[in-house]
Amino acid sequence: MPRTMRIAMVASECEPWAKTGGLADVVDALSRALGLPDPAGPGHEVDVYLPWYRGLNPPEGLVPLELRVPVGGPGGEPRHETVTLWSGEADGYRLRLVEHAPSFDRESFYMDGNSDYVDNPARFTLLGRAALEAIRAEARPVDVIHGHDWQAGPALLSLRHRYAGDPLLREVATMLTCHNLAYHGWTPRADAWQLDLPLDVGKHDGVDLLREAIKTADMVNTVSPNYARESLTPEFGAGLDDVLRARGDRYIGIINGIDTGLWDPATDPTLVAHYDASDLAPKARTRADLMARNGLDPDGPLLGLIGRLDPQKGFDLVTAAAPELVAMGARLIVLGTGHEHLVAGLQALAAQHPGRIAVLDRFDRSEARRIYAGADLFLMPSRFEPCGQGQLIAMRYATPPVVRHSGGLADTVVDADVDPARGNGFVFGPATPQALVDAVRRALAALADEARLAHIQANGMARDHSWRVPARGYEAAYRRAIAG
Ligand code: GLC
């Protein structure tokens, strides 16, 4: 029987407490998959360190622990901040909230309007060091510190550069998961004092936290095998392909799962009707409900889109393609917030096509679920997509995805024209409006053929979307990290 491990996650988001994107779902669901016992073995002991942001709704029964956390001053002088670490039980893991009002009691997680908070390096240094100080204060060694994205960079770098002599922390292995290589946590030289790290860390004009963390962690991964390969090239490496290549077989891809308990059309409480693979008929009622709620005229096929309105996600392709999609008879529902020009462009389209296009410029967990269920097709035209979660949920909700051949989308969606037996969706190559339109046209042809559609839906629902297999992948990676 494999030994139980102690794992400390350090992350800037975790569902349901703090979420702006897929990172939050992954940190929660992976921690639960590792923490709960399953047929393959006992659960591991998992702690998740998360900032206590404004408005966060904590679990019951939190227990406080006061910590004195060493940080740097502007002139390099040593200082300390006092933080309160609040610990409580989540489902499968222990949530540990780092309370420090000056750092985290703010309007948003990362940004002041359109620019990053200037003290982000200090804020996430505080998060990381609170985790390290908690391990020391409790004299409770962990096997692995698993950091997520650049925000965990200070934890991993502090461990190696400031706590290397600490008997409890010296032996701790580290793993870094890159959910998105586009965000580096760039810290200009003038702000680098906030990191309180030896000056030779990073390039001379500043510190690229993600780059340094990639170089430092014992194991590094990204969230799909295909994106792992793509990111070794200058085109997709976001300036980090050199350090990723240098990690050799210590850099791997592990595909994300979804929490199949939380995402289940048979039980989803937001839906007006429930269904499973044995009977999809009630799905039509979720569709009628969705269209009525949003003033859409029900007689054409409905395309759903959900996500950050960001050029990464290819929403500009949708805006450009929308008139032709509508001309083909399709209806469009878009849910998401983000770049103002994308929102404005989509809203202008909705105004031009009443009853055909609905744009919901908000973050809305419930409406998202109704779209996954009620849409006929789910669009994800991402320019790059490390893993993507929407396509997995859509398949589980029997809504075939139409995706660009990129990152994890290419690993999870099989084109039903290319491989009719295994197909679970539709895939297109070029990031152009025309390629998107062509793929939707192929998908609409399949929708018109009841037996074909049922086969594609069945394939999507039958895929194992759970965290069972990926959690084993992380376990194996932790063991490699520990083995050194
Ligand atoms: C980021 C990526 C997305 C991935 C998610 C969770 O948001 O852009 O592709 O699914 O992280 O790993």
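Here is a short conversation about a predicted model, covering a pocket, a ligand site and two charged residues.

Colleague: Happy to have this one to look at! Which helices each supply at least two residues of the lining of the second largest pocket?

Modeller: Good place to begin, and do keep in mind that the model is predicted. The lining of that pocket comprises 16 residues, and R32, A33, S466, W467 and R468 lie nearest its centre. The helices that each supply at least two residues of the lining are α1 (22–35) and α16 (468–483).

Colleague: How do the residues of that lining divide into nonpolar, polar and charged?

Modeller: The pocket in question is the second largest, with a volume of about 240 Å³. Its lining residues divide into 8 nonpolar, 3 polar and 5 charged.

Colleague: Thanks! Turning to the ligand, which residue has a polar backbone atom 2.8 Å from an oxygen atom of the ligand?

Modeller: There are 13 residues around the ligand, and the closest are H179, N256, E385, C387 and G388. Backbone atoms also come into play: a backbone N or O atom of P386 lies 3.4 Å from a ligand oxygen, and for C387 the corresponding distance is 2.9 Å. The residue with a polar backbone atom at 2.8 Å from an oxygen atom of the ligand is G388.

Colleague: Now for D143: is this residue buried or exposed?

Modeller: D143 sits in the loop between α3 (120–137) and β8 (144–148). Its relative accessibility is 18%, and the cut-off for buried is under 20%. Therefore D143 counts as buried.

Colleague: Which residue offers its backbone nitrogen to the side chain of D143?

Modeller: Leaving aside residues up to four places away in sequence, D143 touches R3, T4, M5, R6, V172, A173 and I482. The side chain of D143 reaches a backbone nitrogen at 2.7 Å, and that nitrogen belongs to R6.

Colleague: Lovely. And R79, at 33% relative accessibility, counts as what?

Modeller: R79 is placed in strand β4 (residues 78–89). Buried needs under 20% and exposed over 50%, with partly exposed in between. At 33%, R79 therefore counts as partly exposed.

Colleague: One more, please: which residue's side chain is joined to that of R79 by a polar contact of 3.4 Å?

Modeller: Setting aside residues up to four places away in sequence, R79 touches V69, P70, V71, G72 and G73. Its side chain also reaches the backbone oxygen of G72 at 3.2 Å. The polar contact of 3.4 Å between side chains joins R79 to E81.

Note on methods. Residues numbered from 1 in each chain as written. Predicted model: local features only at pLDDT ≥ 70, side-chain atom pairs only at ≥ 80, totals over all residues. Heavy atoms only, no water. 1 Å grid on protein atoms, 1.4 Å probe; cavity = no way out; pocket = protein on both sides within 12 Å on 5 of 7 lines; lining within 4 Å. Points joined across faces, edges and corners; volume = space filled by probe spheres on them. Helix = DSSP H or I, 4+ residues; strand = E, 2+ residues; numbered from the N terminus. Nonpolar A, V, L, I, M, F, W, Y, C, P; charged D, E, K, R; others polar. Buried < 20%, exposed > 50% of the residue type's maximum accessible area, 1.4 Å probe, protein only. Contact = heavy atoms within 4.5 Å. Polar contact = N/O pair within 3.5 Å; in protein donor to acceptor, adjacent residues only side chain to side chain. Near = heavy atom within 4 Å.
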